[in-house]
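Visitor: I would like a close look at a single part of this model. Please start with how far the prediction can be trusted, and then go into detail.

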4 protein chains.
Amino acid sequence: MGDVKPTRGNDGGGEFFAPVLQPANREGLRYRLYRLMFHHESRSERNFDLALIAIIVASVLVVLLDSDPEVKARWHFQLYLAEWVFTLLFALEYSLRIWVVREPLRYARSFLGSVDLLAILPTFLSLLFPASASLTVVRILRLLRIFRILKLVKYSDEAGLLTHALIRSRRKILIFVLTLLTIAVIFGALMYVVEGPQHGFVSIPTGMYWAVVTMATVGYGDLSPATGLGRFLTSMLIIIGYSIIVVPTGIYTAELARTMRSRGRVQLRCPQCSLGEHDDDAWFCRKCGEALPHVDNNA
Amino acid sequence: MGDVKPTRGNDGGGEFFAPVLQPANREGLRYRLYRLMFHHESRSERNFDLALIAIIVASVLVVLLDSDPEVKARWHFQLYLAEWVFTLLFALEYSLRIWVVREPLRYARSFLGSVDLLAILPTFLSLLFPASASLTVVRILRLLRIFRILKLVKYSDEAGLLTHALIRSRRKILIFVLTLLTIAVIFGALMYVVEGPQHGFVSIPTGMYWAVVTMATVGYGDLSPATGLGRFLTSMLIIIGYSIIVVPTGIYTAELARTMRSRGRVQLRCPQCSLGEHDDDAWFCRKCGEALPHVDNNA
Amino acid sequence: MGDVKPTRGNDGGGEFFAPVLQPANREGLRYRLYRLMFHHESRSERNFDLALIAIIVASVLVVLLDSDPEVKARWHFQLYLAEWVFTLLFALEYSLRIWVVREPLRYARSFLGSVDLLAILPTFLSLLFPASASLTVVRILRLLRIFRILKLVKYSDEAGLLTHALIRSRRKILIFVLTLLTIAVIFGALMYVVEGPQHGFVSIPTGMYWAVVTMATVGYGDLSPATGLGRFLTSMLIIIGYSIIVVPTGIYTAELARTMRSRGRVQLRCPQCSLGEHDDDAWFCRKCGEALPHVDNNA
Amino acid sequence: MGDVKPTRGNDGGGEFFAPVLQPANREGLRYRLYRLMFHHESRSERNFDLALIAIIVASVLVVLLDSDPEVKARWHFQLYLAEWVFTLLFALEYSLRIWVVREPLRYARSFLGSVDLLAILPTFLSLLFPASASLTVVRILRLLRIFRILKLVKYSDEAGLLTHALIRSRRKILIFVLTLLTIAVIFGALMYVVEGPQHGFVSIPTGMYWAVVTMATVGYGDLSPATGLGRFLTSMLIIIGYSIIVVPTGIYTAELARTMRSRGRVQLRCPQCSLGEHDDDAWFCRKCGEALPHVDNNA
C-alpha cells in the first residue's frame, strides 16, 4: 500500500492489479482522452467514470435478463441489440485505452486490462459458440474498477488488512485443504462401497462431491445415506468435518486479531542500531537501550 | 450512549430511534396521558406499559393464528373481529400520542413512531388488497419498545457494543458483500451454461440464487448439480465460498475483541517507569508504585 | 468452583446440580450403602460406579434397539423384559438412595435426583400411554453422573470456563434471540404472502419455521421458494441471517478470550487497602501504591 | 518440533509419525537404496521422491476412474491392469524399504509404514472380496509423505501450532461431544414419538442421525418434520444446536490466539522497572533502557 503514489493523479493499486500508466504524449486529443480514462479528478473525468459504471451495470443486467426464458421470448431482439451495442462500446473503449497509453502491453497484461478484454470476447465468440454468450457476465469484474475510481485508499487499506491476514495464513490453509481432500477421497470411497449406486453414489468422485457438500454443511440432499451404516458414517463425517471446518475460522480470526494488534507497533528507526519497529509504548530501544526519538501519541 | 439523559424521565435512546419528546402542555388530562404514554416510572405508567406489551403480543398471535387454514376455517370471524379491535386500539393510541406531544412530526418521523403507524396501516389496506392483512405482523417491531420501557440502559449498552463493532467493520463488510455478489454472478452464469434449464438452472438470476444458497451453506437442494462438471464447479464454489464466508466472522470477532479490550484500560504514561497502559480505576502504577497523574473519569 | 469441598469425600458440584448429602446414620448396612452410592474412593465404591454406568448405557441401548422395526419384530419380548428389569433396578436404587441420606427431599430436588426419578417414570407411564416408552431415553442424562464419579475437577473447571463465558454473554444473547425472532416473524409473513400455500407456505408459523431453518443455514429444502420474488427475498434473508448468525460466534469467542486472559489476574489481597485482584506482573497495588506481598511466579 | 534432527539427513517428524531409521549397512546397493528411499537431498533422491508422488497420484486416479460406470464399461481391463501394476510396484517398494533399514519392525509400526502396507492390501483382498477394491484409495494417505519429502519444517511447525491448540482444547472438546450426543439422543427420541415412522423417523437411531444432521446445520432434507409440534421442536433444536456448535469455534479460536500470542514473548522481569514481559529478541528493557538479565534462547 505504501508504494501507491496518489499524487501522480493516476490509478492507485499494485503493479499487477493496475500499473501506473504514462500517457503516450502530453497534449492534444490523445492526451485529453488519456486524462478522461485514467484520471478521476476533474468534473468531466468523474462524469466519465460514473457513466462507465452505469454502462457496466446495464450491460450485466442485459445478460441476466436475456437468460430468463419469459423475458427472452418477448424482448430477445432488443436485448441482443443492446448487448452488441455495449460490446462495441467496450471494444471502442479498449482500443482507445490501448491507443492513449505509452506502454499498451503493460496495460493489456495488468489485471484490469485483462478483464477489459474478457468483457468483449464472449460476445464475439458467441457467433461461433452460442452458449458462450452467457459468459459476458465476467463484465461484472469490470466493477472492481470502482475501487480505483473512488480513490478508496481507505478501502484498499481494509482490503490490504484482510488480504494480509489471508497471506499470513496461507501455509495453514494449504495444510487444511490437503486434509479436506484426503478425507473427501476416503469417505467418498467408503460411501461408494457402503451405499452403492442404488442410493445415488454411482462413483467415487460422486462420493467425493457428496463428502465436500456434507463437510461444508451445505447438505443439498440430492445424495443422502439410506442405510444404517451409511448414516453412522455420515454422522462421523459431519463431526470430523465440523472439527476441521472450524480450523480456518480460528486461523483467520487469530491472524486478523494479530494483524490488527500489530498496528500497536510503530515504524520508528532507532538512531543507534537502526532497529525499525518498536512497541508504541516503548521509550528505549529493546536492542541497544538507546532512548528513542519520540512522537507525541496524543497528537 | 453517553448522551442518554435518563433524568429527563423520558424515553432514552438516540434522536432517530426515539427522540426525547416534550409534552404539549404541563397540566390537565393531556399531560396525564403524556406521562402515561411516554414515561415508565409510577405504578400506573408501568401498568400501561405492561398492558401495551400484552396487547402487542396478542395482536401478533391473532395474525399468526388467522393464517393457519384449520384455525381460520373455524375461528376466522372471531379473529377478524379481534384484529379490527386491536387495529382501532392502536389507531386510538397513535392519535393520542400525536395529540399529547409538543412536536407531533418529530414523534411521527422517529423510528418507533413510524413503526406505530405501520402497525395500523395494513389492516386498513386489507380492505383494498386482502393479501396485505398478513403484513400486520410488522406489529412485532413494536415490541422493540420493550428496550425503552424496561429502561434497559445495560441492554442498550450491550447493543451499543455489538453495533459499535458492526460500524467499525462496515467497510470490510461492504468489500465482502461486493465480492460475494461478483462470485454469485459468475458462478450463476457458469452453472446456467454447464447445467442448463433441464436441471433447473433456467436463468442466470436463478443460478445466482443457487450460488447464494450454496455459499451461505444453506443448500436447500431444490437446485443441485447433476453433471460431473457441474459437481466439480460446485465443489470449487463451496471451497471458495467457505473461505470467503469465514471472513466476516473473523472481522466481527476481532473487532469485538478489540472493542471489549479497549474498555477498562486507559492510555496513561507513568511519570517514573513509563508504563503506558493502566486499569481505568488505578491511582498508582502497578509497576513502580508511583502516583499516577489523574484524569477525571466522571467528566 | 471454589466452594467445592472435595475433602468431604462426597459428590462435588453446586447445591443445585448435586448437593453435599449427609448419611442418615454413621454405621450399619445403611451407612455402607450410603458410602457405596455417594462416595467414589475405595475399590468397591468405584466398582459400583462402573457397574452403574454400564447399566445406564445398556438400558439406553435397549430403548434404542427396541425402536428399530426389524429388531423389534424379532426381539421385542426380550427387550421389553430387559427394560422392565432395568426400570426395577433403577427404582430399587432410587429407593435406597432416598433411604440412606439424612435429607431425602434435598436429594430428590437436586438436578441428579430429578433425573434419577425421570429415568424410572416413563416405563411405568407406558402402561397407560404406550408411546411414552421411548421417553425412557432421558436415562442418558444419568450419564452426567460420570463427571462426579471421575472426580473430574479439571473437567468441571473447563465446563465452568465455558459456562462462565456463556453467562457473561447472556444479555447479548437475549438481544440476539429477540432479533432473530422478529426477523423470523416478518420474513415468515412475507413468504406466506409472496409464495402462498401452493408452494408449501401454508401459514405464517410455517413461514417462521422456514425462516429459522434458513437463517441457521440448515436448509432442509422441504420448503423452498419457487417464485422470482420469493428467491430474491430468500437471498436477502440469507445475507441478513448470516450477518446476524455471525454475532453469537463473535460474542462467545471474544468473551472466552477475555475469560481466558483474565486468568492472568492473581487473587492477592493488598495489605493496606484490601483490593483483591491484581495483574500477575504487578509489584505495587494500583489503588494505594503499597508494595504487594509477592508469590514466586516461577515456582 | 524441537527434537527434529534435520542434520541427520533423514526423515524429520516424531517417533510415531516417521521414526529416524538407520540403514542396515553403510555401503553397497542396499545402502544406495536406503539413501534413495529415506533421504531427500541429492538430485537422484529428489527425482525418486517426485516419481513416487506422481505414481501415488496416478494410482489413486485409476481407482477413482474405475469406479465410474461409463469409464469402467470402456476401460475396465486397462484400469484393472494398471491397478495391479501399481500394487506390485508398491509391494516391491515396501519390501525394499523393509530390507534396507536396520530395524524393519520400527518402520512397519510407524504411521507412514502402516499406510504403506495399507496401500497394498486392498488389491489383494479384492481377489476374495471384490468390493474392497475401492478401499485402495487409502493410498492417498501416502501423499502425507510430501510433508517429509519437501522437508517442510515450516509446515510441520504450522501443523504443530494447529495441533497444539487442538490438544490444549481436548477436554473442552470432550465435554462438547458428550453434550452433543446427549442432545441427539433426547431429540431423536422426541421426534420418533412426535413425528413417527409415517414421516420417516422409523427408529430412535434414525432420529439421532437426523438430530446430528440438523445440529451441524447440514440439513439434507431426507428427513424433515411435517407436523406443527415437530417443526416447533426442530426450531428449538436448531437454536440450541447453534448455541452449542458455536462453542468449539470459540474454544479453538481463543486457544489459537493464545498460542500465537505466547510465542515471541518472554516472561522476564526487568531489574529496574519490573516490566515483566519482553520480546524474545530484546536485550534492553523497552521502558527504562536497563540491560535485561539474559537467557540463552538457543539453548
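Visitor: In chain A, where is confidence lowest, and where is it highest? After that, please look closely at D:Ser224 and its surroundings.

Guide: The model is predicted, so confidence comes first. In chain A, the lowest mean pLDDT is 54, in strand S1 (residues 265-267), and the highest is 92, in helix H10 (residues 204-215). Chain A as a whole has a mean pLDDT of 76, with 73% of its residues at 70 or more. Two stretches of chain A stay under 50. Residues 1-14 are one of them, and the model has 25 contacts for these residues beyond four places in sequence. Residues 295-299 are another, with 2 such contacts. Where pLDDT is low, the predicted coordinates should not be read in detail. For the model, the scores are ipTM 0.75 and pTM 0.78.

Now to the part you asked about. D:Ser224 sits in the loop that joins helix H10 (204-215) to helix H11 (228-262) of chain D. Is D:Ser224 buried or exposed? Its relative accessibility is 15%, and because buried means under 20%, D:Ser224 counts as buried.

The neighbours of D:Ser224 come from chains C and D. Leaving out residues up to four places away in sequence, D:Ser224 touches C:Tyr209, C:Tyr220 and C:Asp222, together with D:Phe201 and D:Trp210. With C:Asp222 there is also a polar contact, side chain to side chain, at 3.5 Å.

D:Trp210 leads on to a wider picture. Under the same exclusion of sequence neighbours, D:Trp210 touches D:Ser224 and C:Tyr220, and also D:Met191, D:Phe201, D:Leu223, D:Pro225, D:Thr234 and D:Leu237. C:Tyr220 and D:Phe201 are also contacts of D:Ser224. The largest nonpolar core has 84 residues, and in this core A:Trp210, B:Trp210, C:Trp210 and D:Trp210 touch the most other members. Another core lies apart from that one; it has 36 residues, including C:Ile245, C:Val246, D:Tyr242 and D:Ile251.

One record can be added for chain A. An unreviewed UniProt entry places the feature "transmembrane region" at residues 48-65, 77-99, 119-141, 173-194 and 232-254. Over residues 232-254 of chain A the model is 100% helix and 0% strand, with the end C-alpha atoms 33 Å apart. The values for residues 77-99 of chain A are likewise 100% helix, 0% strand and 33 Å.

Note on methods
Residues are numbered from 1 along each chain as its sequence is written. Chains are lettered from A and ligands numbered from 1 in the order in which they are written. This is a predicted model: local features need pLDDT of at least 70, side-chain atom pairs count only at pLDDT 80 or more; totals for chains, interfaces and linings use all residues. Side-chain values use heavy atoms; hydrogens and water are left out. UniProt positions are given in the numbering used here, feature names are shortened, and annotations may be inferred rather than shown by experiment. Helices (H or I, at least four residues) and strands (E, at least two) are DSSP runs, numbered from the N terminus. A nonpolar core is a set of buried Ala, Val, Leu, Ile, Met, Phe, Trp, Tyr and Cys residues joined through side-chain atoms within 4.5 Å. Buried means under 20% relative accessible area, exposed over 50%, partly exposed in between (1.4 Å probe, protein chains only). Contact means heavy atoms within 4.5 Å. pLDDT is the predictor's confidence in each residue, from 0 to 100. A polar contact is a pair of N or O atoms within 3.5 Å; within protein, one must be able to donate a hydrogen and the other to accept it, and residues adjacent in sequence count only if both atoms are side-chain atoms.
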